[in-house]
Amino acid sequence: MKNFIAVTILTIAVNALCIWDVYNTKSIFKYMNKESTAIHQALLVEDISDPQLAQRIESLDKYWTKKMDILCISISRKDLQPVSDHIQFLKSSISNNDQETAVTYSLLLKYNVEGLKEISGFSFVNIL
């Protein structure tokens with residue numbers, strides 16, 4: 001009977017962790033997808049010297065740096081690293097005042113975030 005109680009508690013704890021991880025991952029990638037799309041769209045129409053754009057990229061970098069450690073629970077750091085790299089390249093493009101490179105890296109960032117969102121989400125294809 002004691003083993004049954006311990007196994008039940010452990011099962012509930014593991015399931016709760018899995019549910020929390022799915023919800024947290026989904027919310028992180030939803031925000032990242034929204035922001036990376038907005039940054040890409042802004043770079044297509046605005047000048048790269050806009051301070052609000054640089055601030056938006058900086059805040060996205062801080063958000064990603066903080067959330068990446070949490071995502072490493074369920075996703076390999078190796079898979080998350082390209083997003084970090086593209087954000088850093090974007091920041092570098094802003095400081096170098098290079099519009100074309102910033103547009104390119106913002107699009108790469110957007111595609112990487114969309115890909116990670118799809119592979120880490122809860123869907124029938126991922127269950128298979």
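Buried here means under 20% relative accessible area, exposed means over 50%, and partly exposed is in between (1.4 Å probe, protein chains only). This is a predicted model, where local features need pLDDT of at least 70, side-chain atom pairs count only at pLDDT 80 or more, and totals for chains, interfaces and linings use all residues. Residues are numbered from 1 along each chain as its sequence is written, and side-chain values use heavy atoms, leaving out hydrogens and water.

**View 1. Ile5 sits in helix α1, residues 2–45.** Helices are DSSP runs (H or I, at least four residues), numbered from the N terminus. With a relative accessibility of 44%, Ile5 counts as partly exposed.

**View 2. Helix α4 covers residues 99–120.** At 1.5 Å a residue, its 22 residues should span 32 Å (1.5 Å times one less than the number of residues). The end C-alpha atoms of α4 are 31 Å apart, which agrees.

**View 3. Here's the buried side of α4, with Gln99, Ala102, Ser106, Leu109, Lys110, Val113 and Leu116.** Down the axis of α4, these buried residues fall within an arc of 135° (taken from the directions from the helix axis to the C-beta atoms), so they line one face of the helix. Turned away from that buried side are the exposed residues Glu100, Glu118 and Ile119.

**View 4. Gln88 belongs to helix α3.** Gln88 has a relative accessible area of 39%, so Gln88 is partly exposed. Between Gln88 and Arg56 there are 13 Å in space, C-alpha to C-alpha, and the two are 32 residues apart in sequence.

Technical notes: Helix = DSSP H or I, 4+ residues; strand = E, 2+ residues; numbered from the N terminus.
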